[in-house]
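User: I would like to learn how to read the backbone of a protein model, beginning with its overall make-up and moving on to unusual local geometry. Could you take me through one?

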Amino acid sequence: MSLKGSRNLHKETSLALFFYLVLGSSLLFGQDGSPPVLVSLDFSPKLVNVSDSDQTVTTDLRITDNLSGVNQLSVLFKKSGTQTAVSDSVTAAASLISGDFQDGIYRVQVTVRRFSPTGNWILIITATDSVGNALVCDATCLAAINAPSTLVVTAGNSPPVVTNPGTQSNGNGDSVSLQIQASDPDGDTLTYSAIGLPPGLSIGSNSGLISGTLGLNSETYAVFVSASDGSISTSVNFQWLVNVAEASGTVLVANFMNGNNESLNSRVYLWNTSESSGNVSVRVFTLPIRGGTPQELTNTPLDIRTLRAKSAVNIKLAEDILAPLGIVLPYTTDGGNLTLEFTIGATGVGGSAQVFSSSLALGTYPLQEIPSTASVNPTVLAAHFMNGNNASLNSRVYLWNPSASAGNITVRVFTLPLSGGSNQELTPAPLSLGALAAKSALNVKLIEDILIPLGIPTPYTTDGGNLTLEFTITAENVRGIAQVFSSDLAFGTYPMQVIQ
Ligand SMILES: [Ca+2]
Ligand SMILES: [Ca+2]
């Protein structure tokens with residue numbers, strides 16, 4: 001066979017193969033046995049608020065079908081776990097916006113009615129071709145093509161969500177640009193505001209961008225940033241250190257009320273939250289009643305031990321602290337009350353302390369976290385008394401001034417009405433309680449030191465006898481701690497609070 005003949009034979013074979021494949025496949029696939037295939041999908045919005053009106057959700061999807069083409073298409077959103085659903089079933093012709101029924105882009109809109117149940121609504125797509133082959137695509141199938149499957153239905157106004165940027169640290173003269181990250185679940189437009197920013201910085205009310213150039217002040221600032229949706233605002237607070245090294249020691253304060261007796265097994269549990277180890281030391285202070293002289297019982301901080309990163313230690317008050325300091329037990333001055341200030345000398349530590357006395361429920365308090373870097377001046381401390389304003393209940397507030405300078409204490413007294421009641425201040429002007437020395441504690445009697453001088457008849461019985469007190473300590477860089485105690489009321493005893 002010639003070369004030419006061989007080439008012709010090859011051409012004929014190829015042609016035969018071509019016809020075989022084309023005709024054969026027509027015969028083989030002459031019946032449409034395949035359901036439509038969902039290629040891609042998206043819907044918008046992903047969250048609807050049904051408080052005020054019906055809400056429309058628009059779904060765009062691309063579907064292919066071999067051979068007969070898409071005929072019917074249904075988009076259904078169903079509240080998970082219920083029968084509640086909204087859907088729109090349309091003919092493909094009505095919703096085809098581009099392409100054809102074998103490869104087309106479709107748009108389907110559903111209406112979520114006002115007052116619909118809130119929660120997550122799951123999307124289900126069904127599509128049928130012209131001969132009845134059906135596709136059903138739910139969350140699993142949608143996930144397989146990276147398509148969304150959950151519609152969030154909400155009602156009412158949700159507050160903005162603001163991400164706390166955490167402690168900021170800059171040098172003098174730095175140029176600053178910090179974007180506050182916030183969003184609103186309802187899609188409301190947010191406006192931003194800030195208080196306490198270091199001089200030179202400001203926040204864009206529409207952008208949430210904090211920018212500017214820092215001055216030469218070396219200080220720690222307590223910054224409060226708020227984002228408002230027009231009716232509700234959400235705030236975050238963080239510290240801004242300008243030319244100040246981050247705190248290397250955390251200060252934790254614990255009060256012992258008559259719990260310094262060895263038999264009471266009084267302890268402090270400390271937790272080092274840092275990733276680095278730190279040296280634990282303690283200073284011991286008296287806790288005198290008003291008029292008494294507060295003083296420190298340690299000449300220098302007492303070293304206790306090194307605390308490893310992410311570690312806890314169980315410190316015995318009598319054996320580990322008071323005995324080594326030569327303090328005779330039990331300590332009976334000032335009603336036997338003591339305040340202890342622990343410092344963990346680790347990097348970037350935020351610590352926790354818990355006080356425990358085995359025989360005294362009132363000696364047990366929840367974990368406390370008290371930042372050592374302080375900047376707010378003055379400090380406001382709030383304390384609540386529930387029916388604890390009777391003289392026989394021996395109600396008191398223990399105050400601690402952690403500042404290195406003395407501060408004047410004032411108090412304002414407010415009612416604590418039930419919801420619906422009107423609240424009011426019972427003090428015509430803040431009542432002065434005198435000065436609190438640096439690093440000192442004070443035991444303030446509610447009845448004798450506050451209510452009687454204010455001329456408030458006791459026991460106070462309006463509003464169920466409940467009162468709120470706001471203490472202010474005017475001192476440098478103070479952060480304060482208040483603890484409420486009523487001897488006969490377990491519920492009158494509260495942990496120390498740190499309130500910036
Ligand atoms: Ca088909
Ligand atoms: Ca909102």
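The dialogue below goes from the whole chain to one sheet and then to individual residues.

User: How many helices and strands are there in the protein?

Analyst: Please keep in mind that this is a predicted model. The protein has five helices and 34 strands, and of its 500 residues 33% are buried. Among the contacts with a separation of 6 or more, 72% are between residues 24 or more positions apart.

User: How should I read a sheet, and in what order do the strands run in the open sheet that contains β12?

Analyst: As a general idea, the strands of a sheet pair through backbone hydrogen bonds, and they may do so in a parallel or an antiparallel way. Here, four strands form an open sheet in the order β12-β19-β18-β15, with mixed pairing. Its edge strands, which pair on one side only, are β12 (168-170) and β15 (191-195), and the twist from one strand to the next averages 25°.

User: In which sense do β18 and β19 pair?

Analyst: Strand β18 (residues 219-228) pairs with strand β19 (residues 233-242) in the antiparallel sense, over ten bridges. To follow the pairing in the display, you can start from Ala 222, which stands opposite Gln 239 in β19.

User: Where are cis peptide bonds found here?

Analyst: The general background is that most peptide bonds are trans, and that most residues other than glycine have a negative phi. In this model a cis peptide bond joins Ser 44 and Pro 45, with omega about -5°, and Pro 45 is placed in the loop between β1 (37-44) and β2 (47-49). The bond from Thr 458 to Pro 459 is also cis, with omega near -5°, and Pro 459 lies in the loop between α5 (446-451) and β32 (467-474).

User: Which residues other than glycine have a positive phi, and are they buried or exposed?

Analyst: One of them is Phe 115, whose phi is near 70°; Phe 115 belongs to the loop between β7 (103-112) and β8 (119-129). Phe 115 counts as exposed because 11 other C-beta atoms lie within 10 Å, and the cut-off for exposed is 12 or fewer. Another is Lys 439, with phi near 45°, in the loop between β30 (431-436) and β31 (440-445). Lys 439 has 20 C-beta neighbours inside 10 Å and therefore counts as buried, since the cut-off for buried is 20 or more.

Terms used
Residues are numbered from 1 along each chain as its sequence is written. Chains are lettered from A and ligands numbered from 1 in the order in which they are written. This is a predicted model: local features need pLDDT of at least 70, side-chain atom pairs count only at pLDDT 80 or more; totals for chains, interfaces and linings use all residues. Helices (H or I, at least four residues) and strands (E, at least two) are DSSP runs, numbered from the N terminus. Two residues are in contact if their C-beta atoms, placed from the backbone, lie within 7 Å. Two strands pair if DSSP finds at least two bridges between them. Axes are lines fitted to C-alpha atoms, for helices over the stretch in contact, and angles run from 0 to 180 degrees between N-to-C directions.
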